[in-house]
Amino acid sequence: MSESTTTVNSAPLSLADLWDPLYDSFDVDLIVKVLSHTAFSPFFTFFIPLFFYFQGARWPEPVLVLTAFHNVAVSAFWFLKWYSRLYRNQGNLLFGPGRPDWGEQLVVITGGSSGIGELIANTLAVRNVTVVVLDVKPIVTENYNITYYQCDVSKWEDVERVSKQIVEELGHPTMLINNAGVVQGKALLDLSPQDVQQTFAVNTLAHFWTLKAFLPEMIKQKTGHIVNVSSVSGMVGMARLTDYGASKAALINLHESLRYELDHVYNAPGVRTTLVVAGHIMTPLFATVRHPKSFFYKFFFPSLMPVDVAKAIIAALDEQHSLVLYMPFYAHFVPLLHMFPSYLRDLAQWVTGCDYAMQDFVKISGRRSEEGPAPAELEKRAKSF
């Protein structure tokens, strides 16, 4: 089940309704990115004490001591961060893993007929990658590298049948992107048993089914890459997202347990795993979510463009490292909310408005409407990556 578009009050929602390219581009993520390449860059800060030295400053003058200490602290932070990644991926301090030979990859994307999955599929296809899309609705594309299989990934029988067909016709997948998702947007007592079953079947159980179908060959070959797309709602509770948040929390635990099983049970550390913990993404799945419109909110809690999430996932596949991607920047701090006193936790819930964002939510249903990006536009975006 992929993300599809909908209409509210008979007027289709478009990207222009959700995002202003000038107003919404300036946010804390941009500031962090700039600072990481300047004031908190080991390379950049290395030249600051040198500058003061050649200006006549001598040790132990405060300006030289402070700038040198700043450089050492920044360098230590990035070294520890980099070493942590190398340790997780059995890397080498001097030599990183080689780039994947994309012409040899077979990538399976669940929920790839729209939204993030569609962007990834078209982008990889432009790179001459063989892409398989599993969805209940066909993908509209002009890329001949993309093969569509109708499959309800929430059902093991469907996944088992289609996986055998894929292996027989195309070969064994080398990368799996679990992207399919569904949201109900209802309060707990308004959820029907069918709603709860559908949410967990698509958001959680489908990952078990695709892993059982495609992981054995990756373990046998000692190589591969699994990407699971989760949400910040899997780390912190929000009103009207009881089923969705619980299903994403289960996915996060599944991902972490899988990593340790690959390392210690199956002896296959070369099978990489990437977890995406994302905030609000401006896909049709959450098109009717309502967030505060203040500059403060948009600056500190920006919504994500689908293309940015797609680029981050493809970059992770390129790096061939196991990663956890927190997007946007505030997502890094969400796990810490459980350590806050209750009044600070409630303040965070109030500032973000997350308990009211789903108040007027309209569930997306029906086929992919024509207001979505045209195949030609998607291919153009893909080439711009």
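Buried means under 20% relative accessible area and exposed means over 50%, with partly exposed in between. Keep that in mind for the close-ups below, which all come from a predicted model.

**View 1. Arg85 and Glu319 join up in a salt bridge.** Here the two side chains meet with N to O at 2.6 Å. Arg85 sits in helix α4 (residues 62-88) and Glu319 in helix α10 (residues 306-319), so this pair ties together parts that lie 234 residues apart in sequence. How accessible is Arg85, buried or partly exposed? Its relative accessible area is 26%, so Arg85 falls between the two cut-offs and counts as partly exposed. Glu319, with 29% relative accessibility, is partly exposed as well. If you'd like the tally, the count of salt bridges comes to 7, and a couple more of them show up in the next views.

**View 2. Asp158 and Arg161 pair up within one helix.** Zoom in on helix α6 (residues 156-169), which holds both Asp158 and Arg161. They are 3 residues apart, about one turn of the helix. The closest N and O atoms of this salt bridge are 3.8 Å apart. Arg161 is partly exposed, at 44% relative accessibility.

**View 3. Arg259 and Asp263 form a buried pair in helix α8.** What separates the two along the helix? They are 4 residues apart in α8 (residues 242-264), which means about one helical turn lies between them. Their salt bridge brings the closest N and O atoms to 2.8 Å. Both Asp263 and Arg259 are buried. There's a third partner to look for too: Arg88 is linked with Arg259 and Asp263 in a network of salt bridges.

**View 4. Helices α5 and α10 pack against each other.** A quick word on how to read this one: two packed helices are described by the angle between their axes and the distance between the axes. For α5 (residues 115-126) and α10, the angle is about 55° and the axes are 9 Å apart. That angle is neither under 35 degrees nor in the 65 to 115 range, so the two helices are oblique to each other. Their crossing is right-handed. On the α5 side, the residues in contact are Ile116, Leu119, Ile120, Thr123 and Leu124. They meet Pro306, Val307, Val309, Ala310, Ile313 and Ile314 of α10. Sorted by class, this contact has 10 nonpolar residues, 1 polar and no charged ones.

**View 5. Two prolines follow cis peptide bonds.** Start with Trp59 and Pro60, which are joined by a cis peptide bond with omega of about 5°. Pro60 belongs to the loop between α3 (42-54) and α4. Then move to the bond from Met327 to Pro328, which is also cis, with omega near -10°. Where does Pro328 sit? Look in the loop between β9 (323-327) and α11 (342-352).

**View 6. Asn128 and Gln320 have positive phi values.** Neither residue is a glycine, yet phi is near 70° for Asn128 and near 55° for Gln320. You'll find Asn128 in the loop between α5 and β4 (130-135), while Gln320 is in the loop between α10 and β9. Asn128 has 46% relative accessibility and counts as partly exposed. Gln320, at 22%, is partly exposed too.

Key: Residues numbered from 1 in each chain as written. Predicted model: local features only at pLDDT ≥ 70, side-chain atom pairs only at ≥ 80, totals over all residues. Heavy atoms only, no water. Salt bridge = Lys/Arg side-chain N within 4 Å of Asp/Glu carboxyl O. Buried < 20%, exposed > 50% of the residue type's maximum accessible area, 1.4 Å probe, protein only. Axes fitted to C-alpha atoms, helices over the stretch in contact; angles between N-to-C directions. Parallel < 35°, antiparallel > 145°, perpendicular 65-115°, else oblique. Left-handed = near helix turned anticlockwise from the far one by under 90°. Contact = heavy atoms within 4.5 Å. Nonpolar A, V, L, I, M, F, W, Y, C, P; charged D, E, K, R; others polar.
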